[in-house]
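Student: I am new to this structure and would like a close look at one part of it. Could you walk me through a single strand and its surroundings?

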Amino acid sequence: MLHFIPSTESTQDDLHDRAAAGAPEGTAVVAGMQTVGRGSRGRRWDSPAGGLWMSVLCRPATEPALEVLSLRVALAVCGTLDRIFPGLPLLLKWPNDLLLNDRKLGGILCEARWQGASVGWVVVGLGLNLTNPISAALAAQAINLEVVVPSPTPAMLAPLMADSIVCASRLGGMLSDAEIEAYRRRDWLHGRQLVEPAVGRAEGITSRGELQVADPSGSVSLRRTGTVILRTNSR
C-alpha cells in the first residue's frame with residue numbers, strides 16, 4: 001500500500017513508525033517534499049517538491065543480506081528505470097548513488113530495526129531527482145531526470161519502484177556472479193583513482209559488496225564502508 005503525503009520531515013521515520021505498529025511488507029510512504037530528509041551517514045538530503053522521495057517497508061522471511069542490500073536495490077531501481085525509459089545511461093557509484101551523465105540522480109538508504117537477535121524489518125529509502133529544481137550549489141554535481149525524460153512524476157514511478165525494492169529485499173545471500181557482472185556494467189568508479197576510502201585504483205566490488213582498491217604496488221584492500229573521494233584528474 002502506498003501512502004502519498006504532501007510533506008513530512010522524513011519518510012524513513014514515518015515508515016519506521018508504521019512498521020513498529022505492524023504495517024505489512026510493501027507499505028510505502030511517498031512525500032511531496034521532506035523538510036529533514038537524510039541520506040547515508042546522516043547527511044542532509046535536499047528534498048524539494050518535484051522529486052520522488054519514498055521509503056518502502058521490507059520484511060524478508062529469511063535474514064536479509066544487509067551488507068549488499070543497497071547495491072541490490074540500486075540494480076533493481078536501474079532495471080526498473082531501464083524498462084520504463086529504454087536507453088537511459090544510468091551508472092552506479094559505490095556505495096549507494098545513481099548517476100546520470102556523471103551527475104547524481106539519486107541515492108538509496110537502507111535502515112534495519114532489530115527485534116532481539118533478528119532483523120524485524122528494513123526500511124529502504126529512495127530519493128530520485130525528477131522535476132525538482134537543483135540548487136546552484138549542487139548544479140555541478142546533481143541532475144534531474146527531466147533533463148532526458150519528459151515530465152516524470154512520482155505517481156508514475158512510485159508503485160513500480162516499491163515492487164522492485166521489495167523483490168530485491170527477498171533475494172538471499174551475497175551477490176551472485178550475475179549481479180556482480182550487472183554491477184560491473186554500471187560501475188562508474190571502476191578504474192578511477194581514489195583518495196578515500198583508500199588510496200589507489202577502484203577495481204570493482206566483491207560478493208559481499210566491498211569496494212576493491214588496488215594501491216600503487218598492486219596490493220588490493222577491501223572497504224565495506226566509507227566516503228568516496230576521487231584523486232584530482234583521476235582519469
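Which residues point one way from β3 and which the other way, and are they buried or exposed?

Tutor: Happy to help! A word on the basis first: this is a predicted model, in which local features need pLDDT of at least 70 and side-chain atom pairs count only at pLDDT 80 or more, while totals for chains, interfaces and linings use all residues. Residues are numbered from 1 along each chain as its sequence is written, and side-chain values use heavy atoms, with hydrogens and water left out.

Now to your strand. Leu52, Met54, Val56 and Cys58 point one way from β3, Trp53, Ser55 and Leu57 point the other way, and all are buried. Buried here means under 20% relative accessible area, exposed means over 50%, and partly exposed lies in between (1.4 Å probe, protein chains only). β3 covers residues 52–58, and seven of its seven residues are buried. Strands are DSSP runs of E with at least two residues, and helices are runs of H or I with at least four, numbered from the N terminus.

Next, the neighbours. Two strands pair if DSSP finds at least two bridges between them. Strand β2 (residues 28–31) runs antiparallel to β3 and is joined to it by four bridges; Val29 has Ser55 as its bridge partner in β3. Strand β7 (residues 118–128) is also antiparallel to β3, with seven bridges between them, and there Ser55 stands opposite Gly125.

These strands belong to an open sheet of seven with mixed pairing, in the order β1-β2-β3-β7-β6-β5-β4. At its edges stand β1 (2–5) and β4 (90–93); each has a single partner strand, so one side of each is left without a neighbour in the sheet. For β4, strand β5 (residues 97–100) pairs with it in the antiparallel sense over four bridges.

Some β3 residues also take part in nonpolar cores, a core being a set of buried Ala, Val, Leu, Ile, Met, Phe, Trp, Tyr and Cys residues joined through side-chain atoms within 4.5 Å. The largest has 54 residues, and Leu52 and Met54 are among those that touch the most other members, along with Leu81, Leu126, Leu128, Leu145 and Met161. Helix α2 (residues 66–84) gives this core its largest share, 10 residues. Setting aside neighbours within four places in sequence, Met161 is in contact (heavy atoms within 4.5 Å) with residues including Leu52, Met54, Leu126 and Leu128. A second, separate core of seven residues includes Leu57 of this strand, together with Leu15, Val29 and Trp121.
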